[in-house]
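Here is a short report for a reader meeting this model for the first time. Look at the fold, then at the pockets, then at a few single residues.

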Amino acid sequence: MTRQKIVAGNWKMNGSKESITTLVNSLLETESFNSEVVVLPPFPYLHLVSLLINKSSIVVAAQNVSDKTKGAFTGEVSASMLKDFGIKYVLVGHSERRSLYAENDTFIVLKIKALLASGLMPMFCIGETLEERNSNRTLSVCKKQLQAVLDEIGIDAFAKLVIAYEPVWAIGTRHSASAQQAQRVHQSIRSFLAKFSKSVAEKIQILYGGSVSSSASIDLFSMPDVDGVLVGSASLNINEFIKIVRIAS
Ligand code: PGA
């Protein structure tokens, strides 16, 4: 089965009106891509980016969402509000949210449920720490993170989400996992899901994230189970990001 490649740029808490406008305009000037190009601006810029991309094929995604639907939750943004602005994907379970904001599996499940209820697609991030990798627990940690969600939403709902395998030790370190390391985990994720549903496992897109650069992308995209990349710092450098988009296409 051919799964469409995704190249997603997670801008995290970076950028300004000016720099984000420049980034998006440069992407718009690039020739059409075969992969799905996704940008994840900080909340205040979501609308600006949606206006800028207009009817192009670029997709806008959000970096976070509330687990609640509406009401007295100061500072929160609901899934239906994001839906209102044409958002397609939302990151959930990113390691920065897990480690810096104490988001655990239970909370992540609530966010995923909120997104699915509003027709948004979660980009569900999983991945092991260096200590877990060094003690040979990479696959068990990833499976545990998947199982926590699977138990609550069931395998059929997995057809409505994208998985991002992001080893914590590779995020923001400039040391991407090797393409072989990524492939091994991606393949295990797919076989784990296949035990519950072969068709969902075949269809689901599994992205790799963690210090993705254009040079790392060449090998990553040659791997059969790497269906795309979630790019952090390199996505703020438009030339580098466009190179990655070209490699994916
Ligand atoms: P990085 O970030 O590419 O800067 O390592 C990736 C991510 O956090 O999604």
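In what order do the eight strands close into a barrel? The order is 1-2-3-4-5-6-7-8, and the pairing is parallel. From one strand to the next, the twist averages 25°. Keep in mind that this is a predicted model.

**One strand pair**

Take strands 3 and 4 as an example. Strand 3 covers residues 59–62 and strand 4 covers residues 89–92. The two run parallel and are joined by two bridges. Ala61 stands opposite Tyr89 of strand 4.

**The pockets**

Rolling a probe the size of a water molecule over the atoms shows where empty space is left. Two pockets are described here. The table sets out their volumes and linings.

| Pocket | Volume | Lining residues by class |
|---|---|---|
| Largest pocket | about 420 Å³ | nine nonpolar, four polar, three charged |
| Second largest pocket | about 280 Å³ | five nonpolar, seven polar, seven charged |

Start with the largest pocket, at about 420 Å³. Its lining counts 16 residues, and the closest to the centre are Lys12, Met13, Gln63, Arg97 and Tyr101. Which helix gives the most to this lining? Helix 4, residues 95–100, does so with three residues. By class, nine residues of the lining of the largest pocket are nonpolar.

The second largest pocket has a volume of about 280 Å³. It is lined by 19 residues. Closest to its centre are Arg98, Gly127, Glu132, Val141 and Gln145. Three elements give two or more residues each to this lining: helix 4, strand 5 (121–126) and helix 7 (138–153). Helix 4 supplies the largest share, four residues. Helix 4 thus gives the most to the lining of the largest pocket and the largest share to that of the second largest. In the second lining, seven residues are polar and seven are charged.

**The cysteines**

How many disulfides does the model have? The count comes to zero. Cys125 is in no disulfide, and the nearest cysteine sulfur, that of Cys142, lies 11 Å away. Why is there no bond for Cys142? Its sulfur is 11 Å from the closest cysteine sulfur, in Cys125, and that is too far for a bond. A disulfide needs the two sulfur atoms within 2.5 Å.

Are these two cysteines buried or exposed? Cys125 is buried, with a relative accessible area of 1%. Cys142 is buried as well, at 2%. Both count as buried because their values are under 20%.

**Two exposed residues**

Now turn to the surface. Asn134 sits in helix 6, which spans residues 130–134. Asn134 is exposed, with a relative accessible area of 60%. Its C-alpha atom is 42 Å from that of His47, and the two residues are 87 apart along the chain.

Where is Ser57 found? Ser57 lies in the loop between helix 2 (46–53) and strand 3. Its relative accessibility is 54%, so Ser57 counts as exposed. The cut-off for exposed is over 50%. Ser57 and Asn34 are 23 residues apart in sequence, and their C-alpha atoms are 9.9 Å apart in space.

Definitions and conventions. Residues numbered from 1 in each chain as written. Predicted model: local features only at pLDDT ≥ 70, side-chain atom pairs only at ≥ 80, totals over all residues. Heavy atoms only, no water. Buried < 20%, exposed > 50% of the residue type's maximum accessible area, 1.4 Å probe, protein only. 1 Å grid on protein atoms, 1.4 Å probe; cavity = no way out; pocket = protein on both sides within 12 Å on 5 of 7 lines; lining within 4 Å. Points joined across faces, edges and corners; volume = space filled by probe spheres on them. Nonpolar A, V, L, I, M, F, W, Y, C, P; charged D, E, K, R; others polar. Pairing = 2+ DSSP bridges. Axes fitted to C-alpha atoms, helices over the stretch in contact; angles between N-to-C directions.
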